[in-house]
Amino acid sequence: MSLDVVLSRISEIRSQIDALQTGTVTATTSTDSTAASTAASSAFADALATENGGGTGTTAGSLATALGTAAAGTTTPATSVDAGQGTVATGSGATGADVVADAKKYLGVPYVFGGTTTAGMDCSGLVQTVFKDLGVTMPRVVPDQAKMGVEVGSLKDAQPGDLIVPKGEGHIVIYVGDGKVLHAPHPGKDVRIVDNWYSDADIATIRRIVPSAQDAAARTTAGTGATGSGTDLQTAALMALVQSGGAA
């Protein structure tokens, strides 16, 4: 068996995996996507076994398992543009940094109870409007907004874009970082940024509706690493085949 034949077969399998990773192969559910990834890894192992004259099955089987795990790890998670309970809305692509940037557009807008426009808005109206600008659907009133997203343990863990709701759920503010919050205070005041006056003892809940900028960056890095690892596995497979004497 020549090295050219092995390279050709690996190239074919690599094309299938690249298609999965870039989304050119449609998977209607995560189960379908995982099955497609497993099929690709099995085909890869079969090619190795075939080109190795049947082989012992040990090398091919191990590679199939490793490659299947890596391919499954690149499956895109389900996304949503609607805020939900116990989940972070990722469908819009917005991050906590975007929440802060958009909220700043409304600095100076007067407080108007029930308002949701630049003519006037209240605290929950501001929150709903900001997320609407970013393509994320949020409920209208504080008690409902306080149930959305995932809970952040304490102020020390808060990231820009998180929502802080005090006990009693009579108000809601947007954390902007560095110990400051942005909110629509009360009649006679306008939307402004002030020092956060709440302590953990005052807070009913802190909610993360969309990924923090930090979380989004980590996920992007992990995704890049997963793509690279797929190629590394293929290279390792070729090296294992050559070293085993299967390629001449």
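These legends describe close-up views of a predicted model.

**View 1. An open sheet of 6 strands.** The strand order is S3-S8-S4-S5-S6-S7, and the pairing is antiparallel. S3 and S7 (192-195) are the edge strands. Each of these two pairs on one side only. Strands of a sheet pair through backbone hydrogen bonds, either parallel or antiparallel.

**View 2. Strand S8 and its two partners, S3 and S4.** S8 spans residues 203-208. Of its 6 residues, 5 are buried, so the strand counts as mostly covered. S3 (residues 150-151) pairs with S8 in the antiparallel sense, over 2 bridges. Here Val 150 stands opposite Arg 208. S4 (residues 163-166) also runs antiparallel to S8, and 4 bridges join the two. Pro 166 faces Ile 203 across this pairing. Ile 164 has Ile 206 as its bridge partner. In a regular strand the side chains alternate between the two faces of the sheet.

**View 3. Helix H5, residues 123-133.** Why is H5 described as largely enclosed by the rest of the structure? Because 8 of its 11 residues are buried. They are Cys 123, Ser 124, Gly 125, Leu 126, Val 127, Thr 129, Val 130 and Phe 131. An α-helix has 3.6 residues a turn, so residues three or four places apart point the same way. Just after H5 comes Gly 135, with a positive phi of about 85°.

**View 4. The largest nonpolar core.** This core holds 31 residues. Leu 126, Phe 131, Met 138, Leu 163 and Ile 209 touch the most other members. Four elements give two or more residues each: helix H4 (96-103), H5, S4 and strand S5 (173-177). Which of them gives the most? H5 does, with 5 residues.

**View 5. The surroundings of Ile 209.** Ile 209 belongs to the largest nonpolar core. Residues up to four places away in sequence are not counted in its contacts. Ile 209 touches Ala 83, Thr 87, Val 88 and Ala 89. Its contacts also include Phe 131, Val 136 and Met 138. Met 148, Gly 149 and Leu 163 complete the list. Among these contacts, Phe 131, Met 138 and Leu 163 are, like Ile 209, named as core members that touch the most others.

**View 6. Another nonpolar core.** Apart from the largest core lies another, of 10 residues. Among them are Val 152, Val 173, Tyr 198 and Ile 206. Ile 206 is the S8 residue that bridges to Ile 164.

Note on methods
Residues numbered from 1 in each chain as written. Predicted model: local features only at pLDDT ≥ 70, side-chain atom pairs only at ≥ 80, totals over all residues. Heavy atoms only, no water. Buried < 20%, exposed > 50% of the residue type's maximum accessible area, 1.4 Å probe, protein only. Pairing = 2+ DSSP bridges. Core = buried A, V, L, I, M, F, W, Y, C linked by side-chain atoms within 4.5 Å. Contact = heavy atoms within 4.5 Å.
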